[in-house]
Amino acid sequence: MNKEIVKIFDTTLRDGEQSPGASMNIEEKIQIAIGLQKLNVDIIEAGFAAASVGDFEAIENISKVIETSTVCSLARALGRDIKAAGDAIAHAKHKRIHTFIATSAIHMKYKLKMSPDQVIQKAVEAVSYAKTFTDDVEFSCEDAGRSEMSFLKEILDAVIEAGATTLNIPDTVGYRLPAEMGKMIKELHDFVSNRAILSVHCHNDLGLAVANSLECIQNGARQIECTVNGLGERAGNAAMEEIVMALKTRADFFKGLDTNINTKEIYPMSRLIANITGIVPQPNKAIVGKNAFAHESGIHQDGVLKHQETYEIIKPEDIGLNNANTIVLGKLSGRHAFKEKIESLGYRLSKEELDQSFGRFKLLADKKKEIFDDDLRAIISDEIIKIPKAFELVNLQISDCMTGVPSAAMSIRYKEKEITDAGIGNGTMDAIFKTIDRISDINGELKDYKVTAVTKGKDALAKVTVKVSFDHALPVFTGHGLSIDTMIASAKAYINALNTYIFEKENRNKRDRGGI
Ligand code: KIV
Ligand code: ZN
């Protein structure tokens, strides 16, 4: 029997990036988009083109490399936003513009200061203009969850007439309960009929984003907007992996429905996002949490050993988990095996990037007995997904922290020159960061510090993620550092955040002078 497809619209790169601390650079966004394509998502919302030059460039670059998924940009119902969106996706094989305006009484009165008639007019103008860039136009009624049903019908009628092909009903503030969302979608589905695809976008403020999305599918929604690991504004969005696996695991309930997702890519994708953003899913997070397949109690362990399905409703291999911690490569592995492995993980590297990562892999293989998939992902994020290195760590020595005053002596390369300096601090980490501040002459304030072991074992790679604000200014910059030694990883992470700050500042200056 042919199954009906529920489209997966992934907004990790747009709504997901709105999670505090989840900002990503262009290279990182491109790697994520490639991973999303491998996952086979139907639509990638690559950003909000009018929001910044960085967003525009990310969407433009993603449009050039993505072939099978549709690439989409968000745009307010404003001419200049739609033009930016249309230009940014111009190179995409399959392109969509997603335009929106608020439709709830509270948003129209206080935020937009517009009458309902003006809102309808703006929406129609936006959709009509978007149609001049692409046939595939999505319209969203922001805060639909708190909008009047009669007004929703009126505006949806008008935008269908103007050419909208997908109509999105967001529960923007995560207020609705499943029964309410389901009822709303049923009524709108009956009203819209087959004139457009009905979509939902549920936020998780009450922890109901996934439940609400599933209820909407039952009532006619055929596109779900979601994010990997449930990232997103405030409490996040509906988690893609939960929706997809609910549909797959309970195919008996969601009769005749399916998604196009290649579920074996779910776990690798979740790890990629966690690596890049530094936001690791909580251990008990459904599907992708560290404990999602761990059986602690003796009774459960015994049951699973006798028959897997006694306590497991999902096979770990169905989400690509079985491969994640198998030993993949060793000291003697050659360049060819390395290349194949990297490609199987979803990365597409240039020759130079491959050489760089292979060199790094060889160095690691000398120190670490077993190299896992997660080690390779960490190496790629550390080596490849990078902004230019204004500063680069050459050498680090720390004092004996048990007895003396904590101090750090380091050499850092800056513009072909090596600068050496030393500093003391309230602890070794503080000494390292203060010395970097002195050498760079840029003052950083550490906002967050996290260290995780990439894999198991005493010789595991340490991955440090820092969030730092520089020169007392916003925004906060994220930096990652990877090493077998936690102190070296910390210094690298801090320098990586500093380099991002310098890169963005220089780009901003160039733009202000009209250089970009
Ligand atoms: O939550 C929301 O309403 C949104 C829209 C822009 C779709 O993110
Ligand atoms: Zn949203």
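In this predicted model, the shell around ligand 1 breaks down by class into 2 nonpolar, 6 polar and 3 charged residues. The residues surrounding ligand 1 are Arg-14, Asp-15, His-98, Phe-100, Ser-140, Glu-142, Asn-168, Pro-170, Thr-172, His-201 and His-203. Three strands each put at least two residues into this shell: E5 (95–102), E6 (137–142) and E7 (166–171).

A few side chains from that set come within polar reach of ligand 1 oxygen atoms. For Thr-172, a polar side-chain atom sits 2.6 Å from an oxygen atom of the ligand. His-203 also has a polar side-chain atom by a ligand oxygen, at 3.0 Å, and for Arg-14 a side-chain N or O atom is 3.0 Å from an oxygen atom of ligand 1. As for cover, ligand 1 has 260 Å² of accessible area on its own, and the protein covers 94% of that.

Turning to helix H10, this element runs over residues 266–277. At 1.5 Å a residue, its 12 residues should span 16 Å, and the end C-alpha atoms turn out to be 17 Å apart, which agrees. How much of H10 is buried? The count is 12 of the 12 residues, so the helix is largely enclosed by the rest of the structure. That takes in charged and polar side chains such as Arg-271, Asn-275 and Thr-277, along with Ile-266, Tyr-267 and Met-269, among others. The cover over these buried residues includes helices H1 (26–39), H9 (240–249) and H14 (373–383), plus strands E17 (462–470) and E18 (477–483). Just past the end of H10, Gly-278 adopts a positive phi of about 75°.

Methods: Residues numbered from 1 in each chain as written. Chains lettered and ligands numbered in written order. Predicted model: local features only at pLDDT ≥ 70, side-chain atom pairs only at ≥ 80, totals over all residues. Heavy atoms only, no water. Helix = DSSP H or I, 4+ residues; strand = E, 2+ residues; numbered from the N terminus. Expected span 1.5 Å × (residues − 1). Buried < 20%, exposed > 50% of the residue type's maximum accessible area, 1.4 Å probe, protein only. Contact = heavy atoms within 4.5 Å. Near = heavy atom within 4 Å. Polar contact = N/O pair within 3.5 Å; in protein donor to acceptor, adjacent residues only side chain to side chain. Areas by Shrake-Rupley, 256 points an atom, 1.4 Å probe, with all protein chains shown as cover.
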